[in-house]
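Q: I'm new to reading protein models. Please take me through this one, and explain the words as you go.

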Amino acid sequence: MIRRAVPLGIGHYLPDRIMPNSHFEKLVDTSDEWIRTRSGIERRHFAAEGQTTSDLAVRAARSALDNAGIDVSEIDGIIVATSTPDLTFPSVGTMVQAELGMTRGFAFDVQAVCAGFIYALCNANAMIVSGQADRLLVIGAETFSRIMDWTDRSTCVLFGDGAGALILGAEEGAGTSEDRGILATDLNSDGRYREMLYVDGGVSTTGTAGKLRMQGNPLFRKAVDKLTSTAEAALEKTGVSADAVDWIVPHQANIRIIQGTAKKMGVPMDRVIQTVQDHGNTSAASIPLAMSVGVADGRIKRGDLILSEAIGGGLAWGAVALRW
Ligand code: ACO
């Protein structure tokens, strides 16, 4: 028997303000048609003025705790994946901890941009498997609307705000691919590609938060290759083939990247959870948001094999195979 990090509950929160593509037609030289056909995005949510990343994270966390039916006092630690924290420090994790009334355990943030939730899941899995924690709250939360350049049509139409939260708990497994929980992980980064996607400000450079800059087309071409190879690497570690995957829950950056990756893996699109049309790219929040939507609408069921993959600034990319 081995320790596994098993999903106990999931939840999400999306801010009330929904921005349709038509909103951007007034801001920049773009069209609903261009945004839909090039990215698959139809609308996205934006945080209200004064609403912070930790506010979104707390809402998602409460929803996951309700879904799991457990009290925050039973949680040993919080890991928040974000690149848009409320403040440079303290971490969003500790803010969420205080807001939830959790007075023991630990909290910290992980920063791997759009791959952040995959990185956070890998950390959580390692801590649970090694016995450092029994129950962890893993959150992806972002307010990318705060780092948009509203004059740059090539980026401002793509991103949205939101948060998703997953609770993982230690359970005994047989050590086979039939176990529930995280079965395999795969992480990668290559800092040589950092200029493909970055923010042009920061603490030790400009002293400002900066705005997002992206070389969309070169990144697009890298994304499909890297996502396919990391997803296949994670699957290989589980010892099962792509046929056995019930759901791909991918990072939601662009419908064409999602389709390209699924096609390369030989997984039909009716086994892919898609939320990019409603959420846009919510960076580290996109995978837990999509997973939560898939669980809430009954598509993802206990025992299903899920494969999640993401790529983002760094470049950083990775994948997780888990049985729900
Ligand atoms: N409206 C109208 N035209 C536009 C817009 C817009 N909003 N944005 C760009 N264009 C124009 C460009 O200027 C260009 O015009 P030109 O041919 O006259 O020069 C034309 O559209 C084509 O631009 P491309 O960039 O080649 O278009 P592409 O098909 O690559 O689609 C997109 C752009 C949607 C950005 C795509 O490249 C993409 O999704 N890239 C990857 C994004 C991604 O995965 N990011 C990683 C995760 S994000 C993270 O980590 C934070």
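Q: Which residues of α10 are buried?
A: The buried ones are S286, I287, P288, L289, A290, M291, S292, G294 and V295. "Buried" means under 20% relative accessible area, while exposed is over 50% and partly exposed is in between (1.4 Å probe, protein chains only). A quick heads-up: this is a predicted model, where local features need pLDDT of at least 70, side-chain atom pairs count only at pLDDT 80 or more, and totals for chains, interfaces and linings use all residues. Residues are numbered from 1 along each chain as its sequence is written, and side-chain values use heavy atoms, with hydrogens and water left out.

Q: What makes α10 a helix by name, and why is it called largely enclosed?
A: The name comes from DSSP: helices are runs of H or I with at least four residues, strands are runs of E with at least two, and both are numbered from the N terminus. Nine of the 11 residues of α10 are buried, so the rest of the structure largely encloses this helix. Just after α10, G298 takes a positive phi of about 85°.

Q: Why does N281 count as buried?
A: Its relative accessibility is 5%, so N281 goes in the buried group. You'll find N281 in the loop between α9 (276-279) and α10 (286-296).

Q: What is N281 in contact with, leaving aside its neighbours within four places in sequence?
A: Contact means heavy atoms within 4.5 Å. On that basis N281 is in contact with I41, C114, L158, F159, G160, H251, Q252 and A253, with neighbours within four places in sequence set aside.

Q: What is unusual about phi in S283?
A: S283 has a positive phi of about 55°, yet this residue is not a glycine. Most residues other than glycine have a negative phi. S283 is in the loop between α9 and α10, and with a relative accessible area of 1% it is buried. V113 is another example: its phi is near 50°, a positive value in a non-glycine residue. V113 sits in the loop between β5 (106-110) and α5 (116-129), and at 16% relative accessibility it counts as buried too.

Q: Where are the cis peptide bonds that join F89 and P90, and G314 and L315?
A: Most peptide bonds are trans. The cis bond joining F89 and P90 has an omega of about 0°, and P90 is in the loop between β4 (77-81) and α4 (92-100). The cis bond joining G314 and L315 has an omega of about -10°, and L315 is in the loop between β12 and β13.

Q: Why is the pair F144 and F159 called stacked?
A: Rings of Phe, Tyr and Trp (its six-membered ring) pair if their centres lie within 6.5 Å; planes under 30 degrees apart count as stacked, over 60 as edge-to-face and the rest as tilted. F144 and F159 are 5.3 Å apart, centre to centre, with 25° between the planes, so the pair meets both cut-offs. The pair links distant parts of the chain, 15 residues apart: F144 is in the loop between β6 (135-143) and α6 (153-156), and F159 in the loop between α6 and β7 (161-173). F144 is buried at 2% relative accessibility, and F159 at 3%.

Q: How do you know that K222 sits over the ring of Y193?
A: For that label, NZ of Lys or CZ of Arg must be within 6 Å of the ring centre and within 35 degrees of the ring normal. K222 lies over the face of Y193, at 4.5 Å from the ring centre.

Q: What makes a nonpolar core, and which residues have the most contacts inside the largest one?
A: A nonpolar core is a set of buried Ala, Val, Leu, Ile, Met, Phe, Trp, Tyr and Cys residues joined through side-chain atoms within 4.5 Å. The largest has 47 residues, and F144, L212, L235, M265 and L307 have the most contacts inside it. The largest share of this core, eight residues, comes from α7. In soluble globular proteins, nonpolar side chains tend to be buried together.

Q: How many residues of domain 1 and domain 2 are in contact?
A: 52 residues of domain 1 are in contact with 49 residues of domain 2. The domain assignment gives domain 1 (2-173) and domain 2 (181-323); such bounds come from an automatic or database assignment.
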